[in-house]
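Before the model goes any further, here are some notes to read alongside the coordinates. They are arranged as numbered points, beginning with a single side chain and moving outward from there.

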There are 2 protein chains.
Amino acid sequence: MSPRPVPEAEPAQPRWLDAEEQKAWRAWLYSTTLLQDRLERDLTHSAGVSSAYYEILVQLSEAPERRMRMSQLADRCLASRSRLSHAVSRLEERGWVAREVCVEDGRGQLAVLTDQGMAALVEAAPVHVASVREHLFDQLSPAQIAAMRDIGETLLRHLDAR
Amino acid sequence: MSPRPVPEAEPAQPRWLDAEEQKAWRAWLYSTTLLQDRLERDLTHSAGVSSAYYEILVQLSEAPERRMRMSQLADRCLASRSRLSHAVSRLEERGWVAREVCVEDGRGQLAVLTDQGMAALVEAAPVHVASVREHLFDQLSPAQIAAMRDIGETLLRHLDAR
DNA sequence: GCGGAATAGTCAAGAGCTCAACTACGCTTC
DNA sequence: GAAGCGTAGTTGAGCTCTTGACTATTCCGC
């Protein structure tokens, strides 16, 4: 598969990143990648669950009656429906999540966090929090943490609006 | 990041995130995930290459004589050796990268960026830069960009050290 | 030189993700 | 109340990544 021609809508030559932007970009790219990798590794090694699966458990644990429609769950986990469907199937095999039919909508399904799943989450959560603290919050000053939040929220306003 | 308090003894209960930290954490987690997804999609759809593969091309293009030892390339791309080996194989199939034996070290291999690979990179780069600009730099003030770099470099000093 | 430890890279099996096709149900219209 | 369309969710093929084993080569102390 060879690269397709660039659509002509784009300017032929966009503004390159200057030296400052390059450094900011590299710092963001590397730090986010390394931090995510690190948190992922800590979580999988200590709790036996990936961050994607952990997020599903968290969202369900916070939902009323520990159950949620598949679509809504997918949205909250920033996952596609297909991905969520696969993931829930795996979690079902472990007995951590169960599927229920939705009475209000015959097309729908509910994902339910089982007691066993809740127990797994309760065991994993402290380890995960400790990891986030160690590699993120403990490294940053209060001002940096505030700035991180500000930047994140600014980007979210743009990205959520698509 | 619940579950809510579990006062009865878990081993070494860590300090939970307070409300401020929760918001900062969620903002970071969602914004980085959405931004990475967005850049990834832009890159794959417009240039037909994932960001991981793009990074390989970039690193090779900046290396002396456009070639680099496999291990060094893996380090720079934040990839495992296995992952890089697979990726280089795919890029080789496209004719964008070639393998060469290393004369100084019989165990070693060199990855070389071909002319065709360089051409693909030259075509992809402007689109990628435009995407990074649109979704990152255009959204942030100069102060936010400086803070982003500062935070990223602070985290890198911690994460690189291990 | 020689043998053991370390290093470079590849490979095979298994898991997760994406894309597109598919089933099943609900809603609207006539 | 049947047709047509949109929505909810699942499935399967193909790809990528991870882990751990494996080969080949180099390094180093003797």
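1. A:Ser31 belongs to helix 1 of chain A, which covers residues 19–47. This is a predicted model, and every value in the points below should be read with that in mind. A:Ser31 counts as buried because its relative accessibility is 3%, below the 20% under which a residue is called buried. A polar atom of the A:Ser31 side chain is placed 2.6 Å from the backbone oxygen of A:Ala27. When neighbours within four places in sequence are set aside, the contacts of A:Ser31 are A:Arg26 in chain A, and B:Gly152, B:Leu155, B:Leu156 and B:Leu159 in chain B.

2. What does helix 6 of chain A, residues 142–160, look like in terms of length? The helix has 19 residues and spans 26 Å from its first C-alpha to its last, which is close to the 27 Å expected at 1.5 Å a residue. Its buried residues include A:Ile145, A:Met148, A:Ile151, A:Leu155 and A:Leu159, and also A:Gln144, A:Arg149 and A:His158. An α-helix has 3.6 residues a turn, so residues three or four places apart point the same way. The buried residues of helix 6 of chain A pack against three helices of chain B, namely helix 1 (19–47), helix 5 (115–135) and helix 6 (142–160).

3. Another contact between the chains involves B:Glu21, which is located in helix 1 of chain B. B:Glu21 is buried, because its relative accessible area of 11% falls under the 20% limit. Apart from its neighbours within four places in sequence, B:Glu21 touches A:Arg133 and A:Phe137 of chain A, as well as B:Trp16 of chain B. With A:Arg133 the contact is polar, side chain to side chain, at 3.0 Å.

4. How are the two protein chains related, and by what turn can chain B be laid on chain A? A turn of 180° with a shift of 0.0 Å along the axis brings chain B onto chain A with an RMSD of 0.1 Å. The two copies are therefore related as by a two-fold rotation axis. The same surface serves both copies, given that 85% of the contact residues of chain B recur in chain A.

5. DNA strand D is surrounded by 21 residues, and the closest of them are A:Ser71, A:Arg99, B:Ser82, B:Arg90 and B:Arg107. Of the strand D atoms that come within 4 Å of the protein, 72% belong to sugar or phosphate, while the rest belong to bases. By class, the surface near this strand holds three nonpolar, 10 polar and eight charged residues. A polar side-chain atom of A:His86 sits 3.1 Å from a base oxygen of DNA strand D, and a backbone N or O atom of A:Gln109 is 3.1 Å from one of its phosphate oxygens. In chain B, an N or O atom in the side chain of B:Arg83 lies 3.4 Å from a phosphate oxygen of DNA strand D. The elements that give two or more residues to this surface are helix 3 (70–76) and helix 4 (81–94) of chain A, together with helix 2 (51–62) and helix 4 (81–94) of chain B.

6. For DNA strand C, the number of surrounding residues is 21, with A:Ser82, A:Arg90, B:Ser71, B:Ser85 and B:Arg99 as the closest. Sugar and phosphate make up 78% of the strand C atoms that come within 4 Å of the protein. An N or O atom in the side chain of A:His86 is 3.3 Å from a base oxygen of DNA strand C. From chain B, a polar side-chain atom of B:Ser85 is 2.6 Å from a phosphate oxygen of the strand, and one of B:Arg107 is 3.2 Å from a base oxygen. Here the elements giving two or more residues are helix 2 (51–62) and helix 4 of chain A, and helix 3 (70–76) and helix 4 of chain B.

7. Finally, two backbone angles merit a look. A:Glu65, in the loop between helix 2 and strand 1 (67–69) of chain A, has a phi near 55°, a positive value in a residue other than glycine. A:Arg66, found in the loop between helix 2 and strand 1 of chain A, has a positive phi of about 55° although it is not a glycine. A:Glu65 counts as exposed at 64% relative accessibility, whereas A:Arg66 counts as partly exposed at 29%.

Terms used: Residues are numbered from 1 along each chain as its sequence is written. Chains are lettered from A and ligands numbered from 1 in the order in which they are written. This is a predicted model: local features need pLDDT of at least 70, side-chain atom pairs count only at pLDDT 80 or more; totals for chains, interfaces and linings use all residues. Side-chain values use heavy atoms; hydrogens and water are left out. A residue is near a molecule or strand if one of its heavy atoms lies within 4 Å of it. A polar contact is a pair of N or O atoms within 3.5 Å; within protein, one must be able to donate a hydrogen and the other to accept it, and residues adjacent in sequence count only if both atoms are side-chain atoms. Helices (H or I, at least four residues) and strands (E, at least two) are DSSP runs, numbered from the N terminus. Ala, Val, Leu, Ile, Met, Phe, Trp, Tyr, Cys and Pro count as nonpolar, Asp, Glu, Lys and Arg as charged, and the others, Gly among them, as polar. Copies are superposed by least squares on the C-alpha atoms of residues with pLDDT of at least 70 in both. Contact means heavy atoms within 4.5 Å. The expected span of a helix is 1.5 Å times one less than its number of residues. Buried means under 20% relative accessible area, exposed over 50%, partly exposed in between (1.4 Å probe, protein chains only).
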